[in-house]
Amino acid sequence: MAGLKSIIALAFSLAIGFLLVILSCALENNWWPLFVVAIFVLAPVPNMLCTNSYNGFNLGFDDEGVDGTDIAHFITGMFVVSGFCLPLVLFHGAVITMSSTIMSICGSMMVYSTIIAYCYFFVTPEFDRH
């Protein structure tokens, strides 16, 4: 059962994740890794749009067509992978340093693990999709 202690721990974990991302920018005076925060914001949007729609939508390929939630999970997965890979691409292009890359990836791991823990503790699954 999720209580006040788990909410405080999740808030602390999220704050540390964002602190690492901001520090990766501020310590090197290079603000390119801050684009990872935009990916944090965009990542849950496809799930929010397709999960709360009319039990998903059928694309019409057959009677049991591709569900809209499957597409939303795929797009969300692309955003999550982009959140981890953007600092690596910036490092490969010599835009940011190795320390910024490591701090940004660690911050991404903290933020995404906080989101996963929140879903584990507070979101109840719905099994009657069809």
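**Entry 1: ground rules and overall fold**

I take contact to mean that heavy atoms lie within 4.5 Å, and I use the word in that sense throughout these entries. The model I am reading is a predicted one. I looked up the secondary structure and found that the protein chain has 5 helices and 0 strands, so that, read along the sequence, I write the pattern as α-α-α-α-α, with helices taken as DSSP runs numbered from the N terminus. I also noted that buried residues make up 28% of the 130 residues in the protein chain. For contacts between residues at least 6 apart in sequence, I recorded that 67% join residues at least 24 apart.

**Entry 2: helix H2 and its cover**

I went next to H2, which spans residues 35-42, and found Val36, Ile39 and Phe40 buried there. These three cover an arc of only 105° around the axis, and therefore I place them on the same side of H2. I then asked myself what covers the buried residues of H2. The cover includes H1, H5 and helix H4, the last of these running over 68-92.

I checked H2 against H5 in particular, and their axes come within 11 Å and cross at roughly 15°. An angle under 35 degrees counts as roughly parallel, and H2 is therefore roughly parallel to H5. I noted the crossing of H2 past H5 as right-handed. On the H2 side the contact is made by Val36, Ile39 and Phe40, and on the H5 side by Ser104, Gly107, Ser108, Val111 and Tyr112. Sorted by class, I have 5 nonpolar, 3 polar and no charged residues in the contact of H2 with H5.

**Entry 3: H1 against H5**

I turned to H1 (residues 4-26) and H5 (residues 98-122), whose axes come within 7 Å and cross at roughly 160°. Since an angle over 145 counts as roughly antiparallel, H1 and H5 are therefore roughly antiparallel to each other, and I recorded their crossing as left-handed. From H1 the contact draws on residues including Ser6, Leu10, Leu14, Gly17, Val21 and Ser24, while from H5 it draws on residues including Ser100, Met103, Ser104, Gly107, Val111, Thr114 and Phe122. I sorted the contact of H1 with H5 by class and wrote down 15 nonpolar, 9 polar and no charged residues.

**Entry 4: H4 against H5**

I found H4 and H5 packed at an angle of about 170°, with their axes 8 Å apart, and that makes H4 roughly antiparallel to H5. Which residues of H4 meet H5? I listed Phe79, Val80, Gly83, Phe84, Pro87, Leu88 and Phe91 in H4, and these meet Met98, Thr101, Ser104, Ile105, Ser108, Met109 and Tyr112 in H5. In the contact of H4 with H5 the classes come to 10 nonpolar, 4 polar and no charged residues.

**Entry 5: Ser104**

I stopped at Ser104, which lies in helix H5, and asked whether Ser104 is buried or exposed. Its relative accessible area is 0%, and since buried means under 20%, Ser104 is buried. Leaving out residues up to four places away in sequence, I found that Ser104 touches Val21, Ser24, Pro33, Val36 and Pro87. Ser104 is also among the H5 residues in contact with H1, with H2 and with H4, and I have marked Ser104 as a place to return to in the viewer.

**Entry 6: Leu49**

I looked up Leu49 in helix H3, which runs over residues 45-51. A relative accessible area of 61% is over the 50% cut-off for exposed, and I therefore record Leu49 as exposed. I noted too that Leu49 and Thr69 are 20 residues apart in sequence and 8.9 Å apart in space, C-alpha to C-alpha.

**Entry 7: two loop residues with positive phi**

Most residues other than glycine have a negative phi, and I looked for departures from this. Asn29, found in the loop between H1 and H2, has a positive phi of about 55° although it is not a glycine. I noted Asn29 as exposed, with a relative accessible area of 62%. Ala94 lies in the loop between H4 and H5, and its phi is also positive, at about 60°, although Ala94 is not a glycine. I noted that, at 67% relative accessibility, Ala94 counts as exposed.

Terms used: Residues numbered from 1 in each chain as written. Predicted model: local features only at pLDDT ≥ 70, side-chain atom pairs only at ≥ 80, totals over all residues. Heavy atoms only, no water. Axes fitted to C-alpha atoms, helices over the stretch in contact; angles between N-to-C directions. Helix = DSSP H or I, 4+ residues; strand = E, 2+ residues; numbered from the N terminus. Parallel < 35°, antiparallel > 145°, perpendicular 65-115°, else oblique. Left-handed = near helix turned anticlockwise from the far one by under 90°. Nonpolar A, V, L, I, M, F, W, Y, C, P; charged D, E, K, R; others polar. Buried < 20%, exposed > 50% of the residue type's maximum accessible area, 1.4 Å probe, protein only. Arc of directions from axis to C-beta.
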